[in-house]
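Colleague: Please take a close look at the salt bridges in this model. Where does each one sit, and what does it link?

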Amino acid sequence: MRTRPCRVRWIFLSFAALAACGEEPSGPNSTPVATLEVSPAVATPLVGQTVQLTATPKTASGTPVTGRTIIWNSSAETVASVSTSGLLTGVAAGQTTITASADGVTGTAIVVVTTVQAGSCTDCLEVVPGTLLLSGVGAQQQLFPVLVDAAGHRTIVAATFESSNPSVVTVTATGLVTAAADLGSAQLTARAGNLTSAPVLALVAQPAAGALLVSDAQVVGAITPVDSAAPYAL
């Protein structure tokens with residue numbers, strides 16, 4: 001007499017289990033992340049200076065998503081480091097890319113670290129980096145226009161660029177520099193409003209076979225001459 005009720009109870013439990021297996025995940029982490037926006041997108045800290053970066057996960061429609069863990073990484077720790085909270089620190093002059101990731105989606109920020117220069121201008125327009133060495137036709141580098149206010153604060157601004165010698169070095173209006181020849185030089189200037197930057201020297205020189213080019217950030221010691229008695233200078 002009790003067999004039938006037991007069978008009914010087991011059928012009920014089976015349906016409940018199937019319903020639970022078919023449920024969609026829910027909760028604060030169920031919304032898919034489509035993009036990850038890093039701000040500021042371009043930072044120009046001085047050596048030793050810190051900049052707080054933020055990363056905002058967003059849906060495909062652009063709605064911010066909360067409750068995600070952000071993982072930070074620097075492509076060149078010797079140029080700029082970044083903490084687990086997104087605090088950027090300039091280490092040495094150079095350029096690096098900071099990457100933030102969440103749920104397999106990444107966003108990036110470009111970082112150009114510069115050194116403090118004696119007599120640096122105020123209320124002026126600077127270009128970083130201040131010098132360029134391009135190693136042959138097709139070599140490229142991005143320039144960034146920086147507004148320096150009366151207090152010495154630096155801000156990336158919109159500007160236009162010009163080259164004094166486009167047959168050797170071209171530059172787009174947004175500052176992308178490209179070598180158009182294997183040897184030569186050009187002066188590049190930026191303009192923003194009524195401000196014009198000091199010219200930046202762009203040198204194109206193809207290294208000799210076996211030569212190794214290094215950046216200033218890779219130089220870790222003073223010059224050691226082969227002949228200690230021989231004078232040397234720039």
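**Salt bridges, pair by pair**

Modeller: There are three salt bridges in the structure, which is a predicted model. Side chains of opposite charge can pair when their charged atoms come close. The pairs are taken one at a time below.

Begin with Lys58 and Glu37. The closest N and O atoms of this salt bridge are 3.0 Å apart. Lys58 belongs to strand E4, residues 54–58, and Glu37 to strand E1, residues 35–39. The two parts are 21 residues apart in sequence, so the salt bridge ties together E4 and E1 across that stretch of chain. As for the surroundings of Glu37, this residue has a relative accessibility of 42% and therefore counts as partly exposed.

The next pair is Asp103 with Arg68. Their side chains meet in a salt bridge with an N to O distance of 2.5 Å. Here both partners lie in loops: Asp103 is in the loop between strand E8 (94–102) and strand E9 (105–113), while Arg68 is in the loop between E4 and strand E5 (71–74). These parts are 35 residues apart in sequence, so the pair ties the two loops together. Is Arg68 buried or exposed? Arg68 has a relative accessible area of 13%. Buried means under 20%, so Arg68 is buried.

The remaining pair is Arg191 with Glu162, whose closest N and O atoms are 2.9 Å apart. Arg191 sits in strand E18, residues 183–192, and Glu162 in strand E15, residues 160–163. The pair links distant parts of the chain, 29 residues apart. Arg191 is partly exposed, with a relative accessibility of 35%. Glu162 is partly exposed as well, at a relative accessible area of 44%.

One further part of the model can be described by its strand pairing. Strands E10, E13 and E14 form an open sheet in the order E10-E13-E14, and the pairing is antiparallel. Strand E10 (124–128) and strand E14 (154–156) are at the edges. Each of these edge strands has a single partner strand, so one side of each is left without a neighbour in the sheet. On average, neighbouring strands in this sheet are turned by 35 degrees against each other, direction ignored. Strand E13, residues 144–148, is joined to E14 by three bridges, and the two strands run antiparallel. As one example of bridge partners, Leu147 is matched with Thr155 in E14.

Conventions. Residues numbered from 1 in each chain as written. Predicted model: local features only at pLDDT ≥ 70, side-chain atom pairs only at ≥ 80, totals over all residues. Heavy atoms only, no water. Salt bridge = Lys/Arg side-chain N within 4 Å of Asp/Glu carboxyl O. Helix = DSSP H or I, 4+ residues; strand = E, 2+ residues; numbered from the N terminus. Buried < 20%, exposed > 50% of the residue type's maximum accessible area, 1.4 Å probe, protein only. Pairing = 2+ DSSP bridges. Axes fitted to C-alpha atoms, helices over the stretch in contact; angles between N-to-C directions.
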